[in-house]
Amino acid sequence: MEEEIILFEEKKPKSNPLLKYGNWLFLILIVLLLIATVVFVSMQEHSGEGLYISEVMLSNSETLEEDSLGTPDWIELYNASDSAISLSGFGLSNHSSNAYLFTFPDVTIEPNSYLIVYFAGDTDSTSSELLCTGFTLSRSGETLYLSSNTQEILEILEVPALDTDVSYARRDDGSWGYCTRATPGYINSTEITDTIA
């Protein structure tokens, strides 16, 4: 009696589509994560967090002089954060109806650093490394608006009337006072008083 030989064909396991495309899905996920990280970091760099006005002079006569501008009024910005802040598209104004009366060019303020902005009329700030708003301030008092490049108002500062060469300066605790020894571009003087004699 002949033995019947039965051959069994080896069946190949069905491919799992998740395994087949798993590597691609993983790579796509990594790329999306990197893109999200870059966008988040970019938003942080342009949010203006840690940026504020630290000193203002409405009537400058002898405190600060520039060859091309003379003795214009000025404000000092300070970056209190640990990261550089690009000011491109940020706004500065003394009118609530137009927070971008002056729009910052592509300039960066480094961490824990100061930046001077001059207030002088009819001046093209793009022709110089100096930042000049093209409008002036009144010594009788001003309201200043500092805005981010995302239409967010970062600071509204009410500046009182100031005598010539007297600045309105921010203390370390965030309060403001008068300073007869202004320090444009440097840490504010400790001689900041609540009143002017």
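The pLDDT is the predictor's confidence in each residue, on a scale from 0 to 100, and since this is a predicted model, colouring by that score is a reasonable way to begin. The protein chain averages a pLDDT of 84, with 75% of the residues scoring at least 70. Select residues 38-45 next: the pLDDT in this stretch is below 50, and the model gives the stretch 4 contacts beyond near neighbours in sequence.

**The cores**

From there, turn to the interior and show the side chains of Ile-53, Val-56, Ile-75, Leu-77, Leu-87 and Phe-104, which are the residues with the most contacts inside the largest nonpolar core, a set of 29 residues. The elements that contribute two or more residues to this core are strand S1 (51-57), strand S2 (73-79), S7, S9, S10 and strand S12 (176-179). Apart from it there is another core, of 9 residues, and Trp-74, Tyr-118, Leu-130 and Cys-132 are among them.

Centre the view on Ile-75 and display what surrounds this residue: once residues up to four places away in sequence are set aside, Ile-75 touches Ile-53, Glu-55, Val-56, Leu-92, Leu-115, Ile-116, Val-117, Phe-119 and Leu-144.

**Along strand S2 to Asn-79**

Stay in strand S2 and move to Asn-79, which is placed in that strand. Is Asn-79 buried or exposed? Its relative accessibility is 0%, so Asn-79 counts as buried, the cut-off being under 20%. Leaving aside neighbours within four places in sequence, the contacts of Asn-79 are with Gly-50, Leu-51, Ala-84, Ile-85, Ile-109, Glu-110, Pro-111, Asn-112 and Ser-113.

**Two residues with positive phi**

One of those contacts, Asn-112, is the next selection, and this residue lies in the loop between strand S6 (108-109) and strand S7 (113-121). Most residues other than glycine have a negative phi. The phi of Asn-112, however, is positive, near 55°, and the residue is partly exposed, with a relative accessible area of 44%.

Asp-165 can be selected alongside, since its phi is also a positive value, near 65°, in a residue other than glycine. The loop that holds Asp-165 runs between S10 and strand S11 (167-170), and at 16% relative accessibility Asp-165 counts as buried.

**The open sheet and the hairpin**

Switch to a cartoon view and find the open sheet, which 4 strands form in the order S5-S4-S9-S10 with antiparallel pairing. Its edge strands, each pairing on one side only, are strand S5 (102-103) and strand S10 (153-159). Between S9 and S10 the antiparallel pairing extends over 6 bridges, and Ser-147 can be picked out opposite Ile-153 in S10.

Continue to S11 and S12, which run antiparallel and are joined by 4 bridges; select Tyr-168 and the bridge partner of this residue in S12, Tyr-178. The two strands form a hairpin with 5 residues between them, and in the turn Gly-174 has a positive phi of about 95°.

**Last stop: Thr-136**

Finish in the loop between strand S8 (131-134) and strand S9 (142-147), where Thr-136 is placed. At 46% relative accessibility, Thr-136 counts as partly exposed. Which residues does Thr-136 contact, leaving aside its neighbours within four places in sequence? They are Asn-94, Phe-119, Ala-120, Gly-121 and Glu-142. A distance label drawn between the C-alpha atoms of Thr-136 and Gly-121 should read 5.8 Å, although the two are 15 residues apart in sequence.

Note on methods: Residues numbered from 1 in each chain as written. Predicted model: local features only at pLDDT ≥ 70, side-chain atom pairs only at ≥ 80, totals over all residues. Heavy atoms only, no water. Buried < 20%, exposed > 50% of the residue type's maximum accessible area, 1.4 Å probe, protein only. Contact = heavy atoms within 4.5 Å. Pairing = 2+ DSSP bridges. Core = buried A, V, L, I, M, F, W, Y, C linked by side-chain atoms within 4.5 Å.
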